[in-house]
Structure formats: structure tokens, C-alpha cells
Amino acid sequence: HEGGFTLLELLAALAISTIVSTIVYSMFVTGSKLYQKIQVEGQQRDDADYIATMVLNKMYENAPKLVEEYEDGSKKGVQLTVSGGKIVEQYIVEEDTHNDKRIQIYFEGGKLFIQDRGVVTEIESSSANLNAENSAISLGNNGLCNQERTRCSSGTVELTLDLQADESFAGSFIKREPITLNSSFGF
């Protein structure tokens, strides 16, 4: 009785192990791609949330009495008018419109900016590129507005952000699809 394997048994074992290892490798690569894709999409969502939060915070910390469409050359967005305070003369209290503060939130050159009292702040995302052609900030379709809907004393501000994953963040074999965030803020 001689021990060992025949050539046919070795070839069958080799074929089965090749098939099993191919399936395992395929599952590993697919799982890795899925993990990276979820990581990229999560970062894009985090960046969109960060940008929307910065705009929302600026609106709510200043409580605008008026919001207008804003356009100045290549700058396009909204302008918040914040009350300059009150004037008290004897028993009469009036708003001090001479000291009203204006804050502009606008897109320019593919970036989002907030200009408050002459100080311009660029709102950047950490790992996604903002596609300004498909992003916008404007007045919504409801509220107390003028006939042209360019000035509102109450209503909503609509924010649309289109973010593309940064090339350096994701692996080269992941299909990078943009993520779009649509949000509305009441004032």
C-alpha cells in the first residue's frame, strides 16, 4: 500500500482552491471598495453639513429683519439686513436704521463666502470640492416678500450645495459621484 495523491486528485484540489481563492479575493476587493465609498460619501455629507451649519449659524446669531437677493459682479447670494439697534427719545422707541448691519452670503469663483462688516470669510470643506455652478443660495418661494421676490421680511433661504469628493481623499478605483444637499432656513 503506497500513500500519496494521484495527479488527478492534485489537479482537482488545485482547481477547487483556485476557485475558492478567486471568490475570497473578489469579496475582499468589493468589501474594500464599498468601505472606501461609504467613507467618501460620509465625508462629503459631513462637509455639506458643516457648510450649511456655518450659514445657518450666521443667520440665527444675527436675526435678520430683511433678506434680499444679492448680486455684485460675479458674487451671487443673499444679503441679510440686521437691525442697528433702537433709538429712545422720551417715550418713543424707534429702530436706528442708520446703523443697520449688512451681511452678504454668496458664491464667487467656486467658493462660498460670508462677508460681515467688511470681513470676508471663506467657508471651506475639508475633503470635498464645492461645485459652485450647481450650488446656490437664494430666497425661497414663501414669506412676506416684494412682488419680484427679491426682498423678504420673513420667509426662507434655500441652500443647494453640490460637493464632489476630493481626488486625494479617495482611492483611485472608486467612482466619485457628487452629493447634493438641499436645505431651507426660515427667518
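Helices (H or I, at least four residues) and strands (E, at least two) are DSSP runs, numbered from the N terminus. With that in hand, here are the close-ups. This is a predicted model, where local features need pLDDT of at least 70, side-chain atom pairs count only at pLDDT 80 or more, and totals for chains, interfaces and linings use all residues. Residues are numbered from 1 along each chain as its sequence is written, and side-chain values use heavy atoms, with hydrogens and water left out.

**View 1. The whole chain has one helix and eleven strands.** Starting at the N terminus, the elements go α-β-β-β-β-β-β-β-β-β-β-β. The chain has 187 residues, and 32% of them are buried (buried means under 20% relative accessible area, exposed over 50%, partly exposed in between, with a 1.4 Å probe and protein chains only). Contact means heavy atoms within 4.5 Å. Among contacts with a separation of 6 or more, 53% are between residues 24 or more positions apart. About 12100 Å² of the chain is exposed, and carbon and sulfur atoms supply 54% of that (areas come from the Shrake-Rupley method with a 1.4 Å probe; for residues, only the protein chains shown count as cover).

**View 2. Helix H1 covers residues 7-62.** Its 56 residues reach 82 Å from the first C-alpha to the last, close to the 82 Å expected at 1.5 Å a residue (the expected span is 1.5 Å times one less than the number of residues). Which residues of H1 are buried? Look for Val 40, Gln 44, Asp 47, Ala 48, Ile 51, Ala 52, Val 55, Lys 58, Met 59 and Asn 62. After H1 comes Ala 63, with a positive phi near 40°.

**View 3. The largest nonpolar core holds 25 residues.** A nonpolar core is a set of buried Ala, Val, Leu, Ile, Met, Phe, Trp, Tyr and Cys residues joined through side-chain atoms within 4.5 Å. Ile 105, Phe 107, Leu 112, Ile 137, Leu 159 and Leu 161 touch the most other members. Two or more core residues come from each of these elements: H1, strand S2 (75-82), S5, strand S6 (111-116), strand S9 (136-145), strand S10 (151-165) and strand S11 (179-186). Zoom in on Leu 112: setting aside neighbours within four places in sequence, Leu 112 is in contact with Ile 51, Val 55, Ile 105, Tyr 106, Phe 107, Thr 121, Glu 122, Ile 123 and Leu 130.

**View 4. Tyr 70, Tyr 106 and Phe 113 form a cluster linked by ring pairs.** Searching the whole structure turns up two aromatic pairs. The ring centres of Tyr 70 and Tyr 106 are 5.8 Å apart with planes at 45°, so this pair is tilted. (Rings of Phe, Tyr and Trp, taking its six-membered ring, pair if their centres lie within 6.5 Å; planes under 30 degrees apart count as stacked, over 60 as edge-to-face and the rest as tilted.) Tyr 70 belongs to strand S1 (residues 66-72) and Tyr 106 to strand S5 (residues 101-108), so the pair links parts of the chain 36 residues apart. Both tyrosines, Tyr 70 and Tyr 106, are buried.

**View 5. Gln 104 sits in strand S5.** With a relative accessible area of 10%, Gln 104 is buried. Which side chain does the side chain of Gln 104 make a polar contact with? That partner is Gln 79, at 2.7 Å. (A polar contact is a pair of N or O atoms within 3.5 Å; within protein, one must be able to donate a hydrogen and the other to accept it, and residues adjacent in sequence count only if both atoms are side-chain atoms.) Beyond four places in sequence, the contacts of Gln 104 include Tyr 70, Val 78 and Phe 113.

**View 6. Asp 100 lies in the loop between strand S4 (92-95) and S5.** Asp 100 is buried, at 14% relative accessible area. A polar contact of 2.9 Å joins its side chain to that of Lys 65. Gly 84 is 16 residues away along the chain, yet the C-alpha atoms of Asp 100 and Gly 84 are separated by 4.0 Å.

**View 7. Two loop arginines, Arg 117 and Arg 149, have positive phi values.** Arg 117, between S6 and strand S7 (119-123), has phi near 55°. At 64% relative accessibility, Arg 117 is exposed. Arg 149, between S9 and S10, has phi near 60° and is partly exposed at 27%.
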